[in-house]
Amino acid sequence: MIHIPLPTHVGRKEILEHYLSKIEVEKNDFTESVIEEIAGKMAGFSSGQIKASVEDAALLAAQAGCSFVEKVHFDKVCEKLLVSRRRI
């Protein structure tokens, strides 16, 4: 069996940047410090969970009729994930 550790803060930030580059985002909403903050909220997440979070934020933006993913969409996704993790 091969053990792959969860990404570090730097790794989560790089993974976020990678997936954010693949979707339409409001550039002013995703400054370096905001990406750092989001990566911090995702401590303990695998790269697959981070990818799914980006996809969920994009889905929320589309459902809201937005042309871009904004920080508010990520805030909603992170809030939902944090609440569900507390219940476990």
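Is D29 buried, partly exposed or exposed? D29 is partly exposed, because its relative accessible area is 24%. Keep that residue in mind. We will come back to it.

Good morning, everyone. A word of caution before we go on: this is a predicted model. With that said, let's take a short tour.

Start with two helices. Helix α1 covers residues 9-20. Helix α3 covers residues 47-63. They pack with their axes 10 Å apart, at an angle of about 40 degrees. The two helices are therefore oblique to each other. Their crossing is right-handed.

Which residues of α1 and α3 meet? On the α1 side, look for R12, I15, L16 and Y19. On the α3 side, find S47, I50, K51 and V54. Sort the residues of this contact by type, and you get 5 nonpolar, 1 polar and 2 charged.

Stay in α3 for a moment. S53 sits in this helix. Is S53 buried or exposed? S53 counts as buried, because its relative accessibility is 1%. What does S53 touch, once neighbours within four places in sequence are set aside? The contacts are M42, F45, F74, V77 and L81.

Now to the charges. Side chains of opposite charge can pair when their charged atoms come close. How many salt bridges does the structure hold? There are 7. I will walk you through some of them.

Take E37 and K41. These two form a salt bridge, and their closest N and O atoms are 3.4 Å apart. Both residues lie in helix α2, residues 32-41. They are 4 residues apart there, about one turn of the helix. How accessible are they? E37 has 36% relative accessibility, so it counts as partly exposed. K41 is also partly exposed. Its relative accessible area is 30%.

K41 has another partner. D75 forms a salt bridge with K41 too, with the closest N and O atoms 3.8 Å apart. D75 lies in helix α4, residues 71-87, while K41 lies in helix α2, so this pair ties together parts that are 34 residues apart in sequence. D75 counts as partly exposed, at 25% relative accessibility.

Next, follow D75 to K71. Their side chains meet in a salt bridge, at 3.0 Å from N to O. K71 and D75 are 4 residues apart in helix α4, so about one helical turn separates them. And K71? Buried or partly exposed? K71 counts as buried, because its relative accessibility is 19% and the cut-off for buried is under 20%.

Put those pairs side by side. E37, K41, K71 and D75 are linked in a network of salt bridges. Read it as a path: E37 to K41, K41 to D75, D75 to K71.

Back to D29, as promised. Where is D29? It is in the loop between α1 and α2. What does D29 touch, leaving out residues up to four places away in sequence? The answer is V34, E70 and K71. K71 is the residue we just met in the network. D29 and K71 are 42 residues apart in sequence, yet 5.6 Å apart in space, C-alpha to C-alpha.

To recap. Helices α1 and α3 cross right-handed. S53 in α3 is buried. Four residues, E37, K41, K71 and D75, are joined by salt bridges in a network. D29, in its loop, touches K71. Thank you.

How values were computed:
Residues are numbered from 1 along each chain as its sequence is written. This is a predicted model: local features need pLDDT of at least 70, side-chain atom pairs count only at pLDDT 80 or more; totals for chains, interfaces and linings use all residues. Side-chain values use heavy atoms; hydrogens and water are left out. Axes are lines fitted to C-alpha atoms, for helices over the stretch in contact, and angles run from 0 to 180 degrees between N-to-C directions. Angles under 35 degrees count as roughly parallel, over 145 as roughly antiparallel, 65 to 115 as roughly perpendicular and the rest as oblique. A crossing is left-handed if the near helix is turned anticlockwise from the far one by less than a right angle, and right-handed if clockwise. Contact means heavy atoms within 4.5 Å. Ala, Val, Leu, Ile, Met, Phe, Trp, Tyr, Cys and Pro count as nonpolar, Asp, Glu, Lys and Arg as charged, and the others, Gly among them, as polar. Buried means under 20% relative accessible area, exposed over 50%, partly exposed in between (1.4 Å probe, protein chains only).
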